[in-house]
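Dear colleague,

I am handing over the structure below, and after it you will find my notes on what turned up when I went through it. Please read them with the structure open beside you.

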Amino acid sequence: MPRAAIIDGKAIAEALRREVARGVARLKRERDLTPGLAVVLVGEDPASQVYVRNKAAATQQAGMISLEYKLPADTSEAALLALIGELNRRADVHGILVQLPLPKQIDAAKVIEAIDPAKDVDGFHPINVGRLASGGKALAPCTPTGCVILAKSVQRDLTGLEAVVIGRSNIVGKPMAQLLLGENCTVTIAHSRTRDLPAVTRRADLLVAAVGKAEMIRGHWLKPGAIVIDVGIQRLIAPDGKSRLVGDVTFTEAVEVAGAITPVPGGVGPMTIACLLENTLRAAASA
Ligand code: NAP
C-alpha cells in the first residue's frame, strides 16, 4: 500500500483566502461595499488573544475592515449584550464573532442568541443551526466547512461515502455530520460512549476526528485508502521538554494506511480562518 497523500490545508486555505479577496474587491467595485468583521474578546486567555490577532490580520489581508473589541474579564453579561446590540445595528458591520470561551459570569448561549443570525459568521446561532439541519441556506460553522473543502480536494464528489465523525460538539462534530449529510454521505457520529470505536472507524471511507485526545486514533483503526481529516490539536511535551503539536490521529501510523490525510499543524487549522472570511464575505454580499 503506498503512503497516503498529504492534504495541504495551508495551500488550500491560501487559495480560498485569495478567492475571498477577489470577492471583496468585486463587492467594493460593484456596490461600493467593504465587508466588516467585528471580533469581540472578553478576558485575557492567551490562546484566544492569538486567535483574535490572527483573525484580525487575515481580515485586513482580504481587504475587509476588522474591528476588535477587547473587554476586561469582569465585563458583565448586560454590557456584552449591549455591545452585540450596537454591532447588530451598525450597517458597516457584516459579521460578528464573539471569541469563546467566555468568563463564567456570562451565559454564552444567551450571547450567541443575541447576535443577528445574518451576521453570525461563526454559524452558532440556533437559527443557523436549524437552517443547516433542515438543509436550508445557512451560515455554517467554519471548522467543519473547512473539513468538507479538504475532503473534496481529494474526492470532488463525496456521494455515497461511509463517513464517520468522532465527536458531537456543537462547534465541530454535529455541524460536520450535517454538512456531510448534505454531501450525500452515509454518516455515523461517534462519541465517548460509542462501543468498539475501532470497529466503527474501520468502516469509514471518510473519517473526521474531532475529539481532542492526542494521537488516540491508531493506524489499525483505519480502512485502507480512507480520507482522514484530523481536527484535533494538542501540544505534547516530550521528556526532553520539547513540545510538538499533534492531532487526534497517530499520524506516523495512519499515513501508512490512509489514502489521504491532513497533517497537524497545516491541515484543518488554516481552513478555519479562511472559512470565517468566506462567511463574512457572504454575509456582506447578502446585506
Ligand atoms: P469537545 O467539545 O471537547 O468535544 C469532544 C468530543 O469528543 C465530544 O463529543 C466527546 O464525546 C468526544 N470524545 C471524547 N473522548 C472520546 C473518546 N475517548 N472516544 C470517542 N469520542 C470521544 O471538543 P471540540 O470543540 O469539538 O474540539 C475537538 C478538537 O478539535 C479539539 O482538539 C480542539 O482543539 C480541536 N479544534 C480545532 C479547530 C481548528 O481550527 N483546527 C477548531 C475547533 C476545534 P462526548 O460528547 O460523549 O463527551
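**The sheet and one helix**

In this predicted model, six strands form an open sheet in the order β1-β11-β8-β7-β5-β6, and their pairing is parallel. Strands β1 (5-6) and β6 (186-190) stand at the edges with a single partner strand each, so one side of each has no neighbour in the sheet. The partner of β1 is β11 (residues 260-261), and the two pair in the parallel sense over two bridges, with alanine 5 standing opposite alanine 260 in β11. Helix α6 (residues 142-154) packs on the sheet, where it touches β7 (206-209), β8 (227-230) and β11, and its direction makes about 155° with that of β8.

The other element I looked at is helix α2 (residues 46-61), which has 16 residues and, at 1.5 Å a residue, should span 22 Å; its end C-alpha atoms are 23 Å apart, which agrees. Which residues of α2 are buried? They are Ser48, Val52, Lys55, Ala56, Ala58 and Thr59, and because they cover an arc of only 170° around the axis, they lie on the same side of α2. It may help to recall that an α-helix has 3.6 residues a turn, so residues three or four places apart point the same way. The buried residues of α2 pack against α1 (9-31), β2 (36-42), β3 (65-71), β4 (95-98) and α10 (268-285), whereas Pro46, Arg53, Gln60 and Gln61, on the other side of α2, are exposed. After α2 comes glycine 63, whose phi is positive, near 90°.

With best wishes

Definitions and conventions. Residues are numbered from 1 along each chain as its sequence is written. This is a predicted model: local features need pLDDT of at least 70, side-chain atom pairs count only at pLDDT 80 or more; totals for chains, interfaces and linings use all residues. Side-chain values use heavy atoms; hydrogens and water are left out. Two strands pair if DSSP finds at least two bridges between them. Helices (H or I, at least four residues) and strands (E, at least two) are DSSP runs, numbered from the N terminus. Contact means heavy atoms within 4.5 Å. Axes are lines fitted to C-alpha atoms, for helices over the stretch in contact, and angles run from 0 to 180 degrees between N-to-C directions. The expected span of a helix is 1.5 Å times one less than its number of residues. Buried means under 20% relative accessible area, exposed over 50%, partly exposed in between (1.4 Å probe, protein chains only). The arc is that of the directions from the helix axis to the C-beta atoms.
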